[in-house]
Amino acid sequence: MGNAGVVSPWSIIPQSLPGTWKSIPKLLFGYGRPLSIDARVLSRMIPWGMRFLRQGQEPKVRAVSEAMAHLCGPSTEIFQKHLAGTGHEDLICDSMYIHAFRDSSRARLSDLEYRIRSEKGADIELVGADALAALEPALSRDFKAAVVIKGQSRARSPGALGRVLAQKAKALGAKFVRAEVKAISPDGTGWRLEAKGETFHAERLVVCLGVWSREMLEKQGYDLPLMAERGYHLEFRAPGITLHNSVMDVDAKVVASSMENGVRVAGQAEFAPVDAPPNARRKDQLAQVAKAAFPDLQQGDATFWMGRRPSFPDSLPMLGASTRHKSLFFNFGHSHYGLMMAPKSGDVLAQTICGQSPNFDLRPYATDRFV
């Protein structure tokens, strides 16, 4: 599993903010080129992008932030609960989230994203170059200021975290079947799953296929504005440095963390066809950004990875029961926030399937909100 490992109750700010449209040229052509759009997805990207930009109004940002807080807020606590007794409790460790700026004038606690976090109780501090160097000695002194978000955690290996929890679920009676599902359809008593070489039947069905959920549901008449927002990482196996927290290079939109197998630098937002091969240029871009941010980083032994974020324009997942099909449930579209939204999303879905009502409003994640 590839991502930066951030597990944050304060990752509650959607991607679209007031003024985001002004930053698009810089994201496309500026330092690190963190954003790219493949011409093959333009026909879908244009209406998706318009919806995305319309979300960048303060009242909408605040409403989405509230919905994100319900899912992200308990992330650390729930991970710790599920890891208890596995012998791998250290896969989640305490951390701060450091947003590092080369231009100190851009590090402002008055910005909407930090104001919202503070209003909801986050412990946030603005620090200068010397304090930043003390927190993260490996970080380049080109960074002159940082916003430090406290009270967070990080995964020391997101892949191992998933494997350990899957093993625990299996020990508790969960059954895992690996199959290539081709189609789903209602069959009168539940749902029929057509897989390569076999057929399955289920009384209730959860669609939780990430970005591939859109194609699977199209055949049932759902037209969903779900895009593949591809992200990349480089993991340096013998980095020669250690990071004490999760560190974001705000200019390049990448996040670095020390993990079990080295230092991982992750980020980028590449809108492209779901099954297009990884863009090899991203490897060099990430390597250059990583070396600029951490001058002593040893890059000799590195692994390159690409994954596909399932992204809706409002940065929220579809979560809950379908309003159109009985016994069909959705849990996908978590955008940049999958790792920290996953634990609570699972809790909410289990409650919904069992006929219980979570103690907060599920309408922001409604399965028909884009109709």
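A cavity is a set of grid points where a 1.4 Å probe fits but cannot get out. With that in hand, here are some exercises on this predicted model.

**Exercise 1. The enclosed spaces**

Find how many cavities of 30 Å³ or more the structure holds, and describe the lining of the largest cavity.

*Solution.*
- Step 1: start with the count. The structure holds 2 cavities of 30 Å³ or more.
- Step 2: take the volume. The largest cavity comes to about 50 Å³.
- Step 3: list the lining. The residues around the largest cavity are Leu139, Phe143, Val247, Met248, Asp249, Val254, Ala256, Val265, Val289, Ala293 and Phe294.
- Step 4: assign the lining to elements. At least two residues each come from strand E11 (246-249), strand E12 (254-259) and helix H9 (281-293). The biggest share, 3 residues, belongs to E11.
- Step 5: sort by class. The lining of the largest cavity has 10 nonpolar residues, no polar ones and 1 charged residue.

**Exercise 2. The second cavity and one of its lining residues**

Describe the second largest cavity, then look at the backbone and burial of Ser315, one of its lining residues.

*Solution.*
- Step 1: the second largest cavity has a volume of about 30 Å³.
- Step 2: Pro14, Ser16, Gln55, Lys60, Val61, Val64, Pro313, Asp314 and Ser315 form its lining.
- Step 3: by class, the lining of the second largest cavity has 4 nonpolar, 3 polar and 2 charged residues.
- Step 4: place Ser315. This residue sits in the loop between strand E14 (302-311) and strand E15 (318-321).
- Step 5: check the backbone. Ser315 is not a glycine, yet its phi is positive, at about 65°.
- Step 6: check the burial. The relative accessibility of Ser315 is 2%, so Ser315 counts as buried, the cut-off being under 20%.

**Exercise 3. Two helices against H10**

Work out how helices H3 and H4 are set against helix H10, and which residues meet.

*Solution.*
- Step 1: begin with H3 (58-72). Its axis and that of H10 (residues 338-353) come within 7 Å and cross at roughly 75°.
- Step 2: classify the angle. Angles of 65 to 115 degrees count as roughly perpendicular, so H3 and H10 are roughly perpendicular to each other.
- Step 3: name the partners. From H3, Met68, His70, Leu71 and Cys72 meet Met340, Met341, Lys344 and Ser345 of H10. This contact of H3 with H10 has 5 nonpolar, 2 polar and 1 charged residues.
- Step 4: turn to H4 (residues 75-83), whose axis comes within 8 Å of the H10 axis, with a crossing of roughly 70°. H4 and H10 are therefore roughly perpendicular too.
- Step 5: name the partners again. Ser75, Ile78, Phe79 and Lys81 of H4 meet Leu339, Met340, Pro343, Lys344 and Asp347 of H10. By class, the contact of H4 with H10 has 5 nonpolar, 1 polar and 3 charged residues.

**Exercise 4. Helix H5 and its cover**

Identify the buried residues of helix H5 and what covers them.

*Solution.*
- Step 1: in H5 (residues 112-119), the buried residues are Leu112, Tyr114, Ile116 and Arg117.
- Step 2: their cover includes helix H3 (58-72) and three strands, E3 (92-101), E4 (124-128) and E5 (145-155).
- Step 3: look just past the helix. There Gly121 takes a positive phi of about 110°.
- Step 4: follow Leu112 outward. Apart from neighbours within four places in sequence, Pro18 is in contact with Leu112, as well as with Gly56, Gln57, Glu58 and Val61.
- Step 5: place Pro18. The residue is in the loop between strand E1 (6-7) and helix H1 (20-29), and at 44% relative accessibility Pro18 counts as partly exposed.

**Exercise 5. Two neighbours in strand E13**

Are Gly267 and Gln268 buried or exposed, and what does Gly267 touch?

*Solution.*
- Step 1: Gly267 lies in strand E13, and Gln268 is found in E13 (residues 262-271) as well.
- Step 2: Gly267 is buried, with a relative accessible area of 8%. Gln268, at 2% relative accessibility, also counts as buried.
- Step 3: Gln268 has a positive phi, near 80°, in a residue other than glycine.
- Step 4: leaving aside neighbours within four places in sequence, Gly267 is in contact with Gly231, Tyr232, Lys253, Val254 and Arg309.
- Step 5: link back to Exercise 1. Val254 also lines the largest cavity.

How values were computed:
Residues are numbered from 1 along each chain as its sequence is written. This is a predicted model: local features need pLDDT of at least 70, side-chain atom pairs count only at pLDDT 80 or more; totals for chains, interfaces and linings use all residues. Side-chain values use heavy atoms; hydrogens and water are left out. On a 1 Å grid over the protein atoms alone, a cavity is a set of points where a 1.4 Å probe fits but cannot get out, and a pocket is an open set with protein on both sides within 12 Å along at least five of seven lines; lining residues have an atom within 4 Å of a point. Grid points are joined across faces, edges and corners, and a volume is the space filled by probe spheres set on the points. Helices (H or I, at least four residues) and strands (E, at least two) are DSSP runs, numbered from the N terminus. Ala, Val, Leu, Ile, Met, Phe, Trp, Tyr, Cys and Pro count as nonpolar, Asp, Glu, Lys and Arg as charged, and the others, Gly among them, as polar. Buried means under 20% relative accessible area, exposed over 50%, partly exposed in between (1.4 Å probe, protein chains only). Contact means heavy atoms within 4.5 Å. Axes are lines fitted to C-alpha atoms, for helices over the stretch in contact, and angles run from 0 to 180 degrees between N-to-C directions. Angles under 35 degrees count as roughly parallel, over 145 as roughly antiparallel, 65 to 115 as roughly perpendicular and the rest as oblique.
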